[in-house]
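Subject: Structure handover and notes

Dear colleague,

I am passing the structure on to you with this email, together with my notes on it. Please open it first and keep it beside you as you read.

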Amino acid sequence: MDELDLTTSESKTTYEDITDYVLEHTGLKVSNLHIAQVKQKCGIIERVNYNLPKSENSRQPKCPPEKEAAIREALEHFQMIK
């Protein structure tokens, strides 16, 4: 799959849309980091991140399973995944 291959809904759906959907339907607050982690697991290609950590040993918190399920539901709703 090419980096430029985007579905129409992928190009129009924002992180704010996903966050709002999850909050409205589950009451969970999710961060952009959690959304990015789930999108990566689903194979959705993200843009290059130029804001890299200074040390290679830095850790990022993992997305909890209940939030991951809610984000996947939102991605399905916005037709970004099947």
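What follows goes from the whole chain to two of its helices, and then to the core and an aromatic pair.

Please keep in mind throughout that this is a predicted model. The protein has 4 helices and 0 strands, and read along the sequence it follows the pattern α-α-α-α. Of its 82 residues, 29% are buried, and the protein exposes about 6,500 Å², of which carbon and sulfur atoms supply 49%. If one takes the contacts between residues at least 6 apart in sequence, 79% of them join residues at least 24 apart.

Helix H2 has 12 residues, and the distance from its first C-alpha to its last is 16 Å, close to the 16 Å expected at 1.5 Å a residue. Which of its residues are buried? They are Ile18, Thr19, Tyr21 and Val22, and because they fall within an arc of 165° when seen down the axis of H2, they line one face of the helix. As general background, an α-helix has 3.6 residues a turn, so residues three or four places apart point the same way. The face of H2 turned away from this buried side carries the exposed residues Glu16 and Glu24, while the buried residues of H2 pack against H3 and H4. After H2 comes Gly27, with a positive phi near 80°.

Helix H4, residues 65-77, has 13 residues and reaches 18 Å from its first C-alpha to its last, which is close to the 18 Å expected at 1.5 Å a residue. Its buried residues are Lys67, Glu68, Ala70, Ile71, Ala74 and Leu75, and they cover an arc of only 165° around the axis, which puts them on the same side of H4. What covers these buried residues includes helix H2 (15-26) and helix H3 (32-41). H4 is followed by Gln79, and the phi of Gln79 is positive too, near 55°.

The largest nonpolar core draws on these helices. This core has 15 residues, of which Ile18, Val22, Ile71, Leu75 and Met80 touch the most other members. H2, H3 and H4 each supply at least two residues of the core, and its largest share, 4 residues, comes from H4. For a view of the surroundings of one of these members, you could start from Val22, which, if residues up to four places away in sequence are not counted, touches Gly27, Leu28, Val30, Ala70, Ile71 and Ala74. Among these neighbours, Ala70, Ile71 and Ala74 are also buried residues of H4.

Finally, there is the question of ring contacts: how many aromatic pairs does the count come to? The count comes to 1 aromatic pair. Tyr21 and Phe78 form this pair, which is edge-to-face, with 5.7 Å centre to centre and 65° between the planes. Tyr21 lies in helix H2 and Phe78 in the segment after H4, so the pair ties together parts that are 57 residues apart in sequence. Is Tyr21 buried or exposed? Tyr21 has a relative accessibility of 12% and therefore counts as buried, since buried means under 20%.

With best regards

Key: Residues numbered from 1 in each chain as written. Predicted model: local features only at pLDDT ≥ 70, side-chain atom pairs only at ≥ 80, totals over all residues. Heavy atoms only, no water. Expected span 1.5 Å × (residues − 1). Buried < 20%, exposed > 50% of the residue type's maximum accessible area, 1.4 Å probe, protein only. Arc of directions from axis to C-beta. Contact = heavy atoms within 4.5 Å. Areas by Shrake-Rupley, 256 points an atom, 1.4 Å probe, with all protein chains shown as cover. Core = buried A, V, L, I, M, F, W, Y, C linked by side-chain atoms within 4.5 Å. Phe/Tyr/Trp six-rings, centres within 6.5 Å; stacked < 30°, edge-to-face > 60°.
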